[in-house]
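Reader: I should like to work through this structure by question and answer. Please begin once it is displayed.

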Amino acid sequence: MSTDAPADPASQPSTGPFNPPAAQGESALPTADAAYWEAAAASFDDEPDHGLRDPAVRSAWAARLRAWLPSGPATVLDLGCGTGSLALLAAEQGHRVTGVDRSPRMIARARAKLAGRDAAFVVGDAAEPPVGEQRFDAVLVRHVLWALPDPVAALRRWAGLLTPGGRLVLVEGRWGEAEPVGIPAAELTGLVEPLAARTYVESLSGDPALWGKEVTDERYVLIAELPRRHTEVVDVHLVLRRGEEVLLARRAGTGYADGLLHAPSGHAEDGEDVREAMIREAAEEIGLRLAPEDLKVALVMQHCAPPPARPRIGWFFEAAYGAGGEPWNREPDKCAELAWFRLDALPDDMVAYCRAGLDGLRAGHRFLLHWHRPGDAIAHAPSAPSRAIALDGAWPSG
């Protein structure tokens with residue numbers, strides 16, 4: 001969904017910066033309605049700062065982007081990209097751009113606008129971009145965060161999509177006088193600072209060339225640079241045992257390993273320990289209400305998908321069938337099916353590191369490495385070299 005600010009934000013109902021009406025049971029802002037932006041796509045570029053048709057406006061935005069984005073050719077994720085005007089400027093400056101927007105018509109216009117460029121566009125939710133394991137040097141977001149129901153979660157997700165030392169470029173504001181909407185710079189700074197090594201706010205209100213007119217409300221960009229120290233996502237996997245069988249889920253609509261089988265899984269959120277994360281993910285994905293005593297650690301694995309993915313630490317927890325209730329598919333938009341398979345006869349159409357983890361568990365291991373090499377497939381390939389390395393002894397023969 002493109003959630004760029006309406007042409008006249010002051011005419012919109014007051015909501016407060018972090019509480020769109022849809023979350024309060026009131027009439028939703030147009031910015032929260034994908035249908036609104038589908039209808040607006042045809043005329044979206046008529047706004048000077050949307051279409052950038054005026055050479056002066058286009059030049060002003062190009063100069064700002066050149067200062068905000070990394071100096072060398074970089075990977076840039078443009079969220080709520082609309083018709084791709086900023087994505088085009090970034091591509092012209094040598095960057096490789098991926099754009100995400102919930103409106104298919106916006107995406108169609110962006111693809112046409114950047115035809116022949118090093119750019120890709122996908123339909124999806126800016127708050128949960130469907131980019132799989134990809135990581136980016138910069139995440140660019142203009143007038144989107146203010147309209148999301150949970151900006152804190154979105155910021156965490158976006159920060160997790162950056163390479164070490166990457167940067168968030170957040171163009172936001174506070175529009176209107178009587179009943180303003182948006183996010184003040186001071187409040188957004190407070191939300192971003194826990195995630196960043198350094199933040200910088202630059203006012204955009206005093207530059208009419210950016211907007212095609214004089215403006216008096218608060219408009220700004222916040223640039224946040226992430227720490228360069230090594231960090232890894234921590235993910236959790238449920239090995240639900242029914243005798244000699246384990247439960248697997250077929251991924252769908254996630255942007256990563258879709259069509260392949262995988263253990264029910266997810267990643268730990270800020271402030272969660274790994275057991276809490278596993279209990280939450282089991283409830284969200286397969287409806288189990290597990291207690292801490294239902295879980296035991298089966299395996300710990302450091303794994304990494306094919307480059308340019310970043311490494312992760314995976315915790316595999318075992319639970320017995322019957323604990324927490326009967327499993328069922330609570331996320332059909334992300335899971336095509338649930339099925340039981342014998343642990344000694346696992347299918348080949350699995351995510352490779354998950355298959356290696358279950359094979360290692362069956363072989364009696366508790367600590368593994370599984371790092372893909374360039375050219376490796378995400379899927380398990382029986383004839384390919386094994387990437388699993390046991391850290392607690394030699395892998396048994398047979």
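Reader: Which residues make the nonpolar surface patch of about 300 Å²?
Author: The model is a predicted one. One member of the patch is Ile389, which lies in strand β17 (residues 388–390). The patch of about 300 Å² is made by Phe367, Ile389 and Leu391.

Reader: Is Ile389 buried or partly exposed?
Author: Buried requires under 20% relative accessible area, and exposed requires over 50%. Ile389 has a relative accessible area of 45%, so its class is partly exposed.

Reader: Which residues touch the most other members of the largest nonpolar core?
Author: In soluble globular proteins, nonpolar side chains tend to be buried together. The largest such core here has 34 residues, and β1 (75–79), β4 (136–142), α6 (151–160), β5 (162–175), α7 (185–192) and β8 (218–225) each supply at least two of them. Leaving aside neighbours within four places in sequence, Leu170 is in contact with residues including Val141, Val192 and Tyr220. The residues that touch the most other members are Leu155, Trp158, Leu170 and Leu188.

Reader: How many residues are in the other core, which includes Leu86?
Author: This core lies apart from the largest one. Among its members are Leu86, Ile107, Leu140 and Val215, and its residue count is 31.

Reader: Is Thr98 buried or exposed?
Author: Thr98 lies in strand β2 (residues 96–101). Beyond its neighbours within four places in sequence, Thr98 has contacts that include Val76, Ala120 and Phe136. Its relative accessibility is 11%, and the cut-off is under 20%. Thr98 therefore counts as buried.

Reader: How many residues apart in sequence are the parts tied together by Arg312 and Glu133?
Author: The side chains of Arg312 and Glu133 meet in a salt bridge of 3.3 Å, N to O. Arg312 lies in strand β14 (residues 312–320), whereas Glu133 lies in the loop between β3 (119–123) and β4, so the pair ties together parts whose separation in sequence is 179 residues.

Reader: Lys296 forms a salt bridge with Glu318; is Glu318 buried or exposed?
Author: The closest N and O atoms of Lys296 and Glu318 are 3.7 Å apart. Lys296 lies in strand β13 (residues 296–304) and Glu318 in strand β14. Lys296, at a relative accessible area of 52%, is exposed. Glu318 has a relative accessible area of 13%, so this residue is buried.

Reader: How far apart are the closest N and O atoms of Asp376 and Arg387?
Author: Asp376 and Arg387 both lie in the loop between β16 (367–371) and β17. Asp376 is partly exposed, and Arg387 also counts as partly exposed. Their salt bridge has its closest N and O atoms at 2.8 Å.

Definitions and conventions: Residues numbered from 1 in each chain as written. Predicted model: local features only at pLDDT ≥ 70, side-chain atom pairs only at ≥ 80, totals over all residues. Heavy atoms only, no water. Helix = DSSP H or I, 4+ residues; strand = E, 2+ residues; numbered from the N terminus. Buried < 20%, exposed > 50% of the residue type's maximum accessible area, 1.4 Å probe, protein only. Contact = heavy atoms within 4.5 Å. Core = buried A, V, L, I, M, F, W, Y, C linked by side-chain atoms within 4.5 Å. Patch = residues over 30% accessible without salt bridge, like charges linked within 9 Å, V, L, I, M, F, W, Y side chains within 5 Å. Areas by Shrake-Rupley, 256 points an atom, 1.4 Å probe, with all protein chains shown as cover. Salt bridge = Lys/Arg side-chain N within 4 Å of Asp/Glu carboxyl O.
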